[in-house]
Amino acid sequence: MNEAFAYCWTDHKTGKLYVGIHKGSVDDGYVCSGKLMLEEYNSRPGDFTRQIIASGSYKNIISLETAILKSVDAA
C-alpha cells in the first residue's frame, strides 16, 4: 500500500536540494513543510522541480528519509 512518499525538490537557481516525505498522494498538491523552502518555492515556482524518490508504507518512507538525511549529514 502506498500511503506515503519521499521526494526531492531541486532549486535550479541555487543548486540546493530539499528532501522530505509526505503521508498522502503524490497528486494532492503538497509541496513541503519547511517554511523557508516553501517561501522560496512560492516566490519562484518555475525554478523548482520535484522528483519522487519512493512510495510505500509510512513506516518504510520514514526509514528511507532518515537514511538519506544521515548519509549526507543533513541538519
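Which residue in E3 is the bridge partner of Thr-10? Select Thr-10 and look across to E3: the partner is Thr-49.

Before going further, some ground rules. You have a predicted model open, in which local features need pLDDT of at least 70, side-chain atom pairs count only at pLDDT 80 or more, and totals for chains, interfaces and linings use all residues. Numbering starts from 1 along each chain as its sequence is written, and side-chain values use heavy atoms, with hydrogens and water left out.

**Stop 1: the strands**

Colour by secondary structure; helices (H or I, at least four residues) and strands (E, at least two) here are DSSP runs, numbered from the N terminus. Strands count as paired if DSSP finds at least two bridges between them.

Start with E1, residues 4-11. Seven of its eight residues are buried, where buried means under 20% relative accessible area, exposed means over 50%, and partly exposed is in between (1.4 Å probe, protein chains only).

Now add E3, residues 48-56, which pairs with E1 in the antiparallel sense over eight bridges. Then show E2, residues 17-23: E1 and E2 are also antiparallel, with seven bridges. Pick Cys-8 and you'll find Val-19 of E2 standing opposite. Follow the hairpin of E1 and E2 round through the five residues between the strands, and stop at Gly-15, which takes a positive phi near 80°.

**Stop 2: Arg-44**

Next, select Arg-44, in the loop between helix H1 (35-43) and E3. Is Arg-44 buried or exposed? Its relative accessible area is 14%, so Arg-44 counts as buried. Turn on contacts, meaning heavy atoms within 4.5 Å. Not counting residues up to four places away in sequence, Arg-44 touches Asp-11, Lys-13 and Thr-14.

**Stop 3: two cysteines**

Put Cys-8 and Cys-32 on screen together. A disulfide is a covalent bond between the sulfur atoms of two cysteines. The test used here is a pair of cysteine sulfur atoms within 2.5 Å, and by this rule the count comes to zero. Why is there no bond from Cys-8? Because the closest cysteine sulfur, in Cys-32, is 12 Å from that of Cys-8, too far for a bond. Both side chains are worth a click anyway: Cys-8 is buried at 11% relative accessible area, and Cys-32 is buried at 7%.

**Stop 4: the core**

Keep Cys-32 selected and add Phe-5, Tyr-7, Trp-9, Val-31, Met-37, Tyr-41 and Phe-48: together these eight residues are the largest nonpolar core. Such a core is a set of buried Ala, Val, Leu, Ile, Met, Phe, Trp, Tyr and Cys residues joined through side-chain atoms within 4.5 Å. E1 and H1 are the elements that give two or more residues to this core, and the largest share, three residues, comes from E1. Zoom in on Val-31: leaving aside its neighbours within four places in sequence, Val-31 is in contact with Tyr-7, Trp-9, Leu-38 and Tyr-41.

**Stop 5: the rings**

Show the aromatic side chains. Rings of Phe, Tyr and Trp (its six-membered ring) pair if their centres lie within 6.5 Å; planes under 30 degrees apart count as stacked, over 60 as edge-to-face and the rest as tilted. How many aromatic pairs does a search of the whole structure find? Six. Try Tyr-7 and Tyr-18, which are stacked, at 6.4 Å centre to centre with 25° between the planes. Tyr-7 sits in E1 and Tyr-18 in E2, eleven residues apart. Tyr-7 is buried at 1% relative accessible area, whereas Tyr-18, at 22%, is partly exposed. Add Phe-5 and Tyr-30, and you have a cluster of these four residues linked by ring pairs.

Then jump to Lys-23, which lies over the face of Tyr-58, at 5.0 Å from the ring centre. The criterion is NZ of Lys or CZ of Arg within 6 Å of the ring centre and within 35 degrees of the ring normal.

**Stop 6: Lys-59 and Ile-53**

Lys-59 belongs to helix H2, residues 58-71, and is exposed at 66% relative accessibility. Draw a C-alpha distance from Lys-59 to Glu-3: 9.5 Å, for residues 56 apart along the chain.

Finish at Ile-53 in E3, partly exposed at 37%. Outside its sequence neighbours up to four places away, Ile-53 touches Ala-6, Tyr-7, Cys-8, Val-19, Leu-64 and Ile-68. One last C-alpha distance: Ile-53 to Glu-65 is 9.7 Å, with their positions twelve residues apart in sequence counted as the separation.
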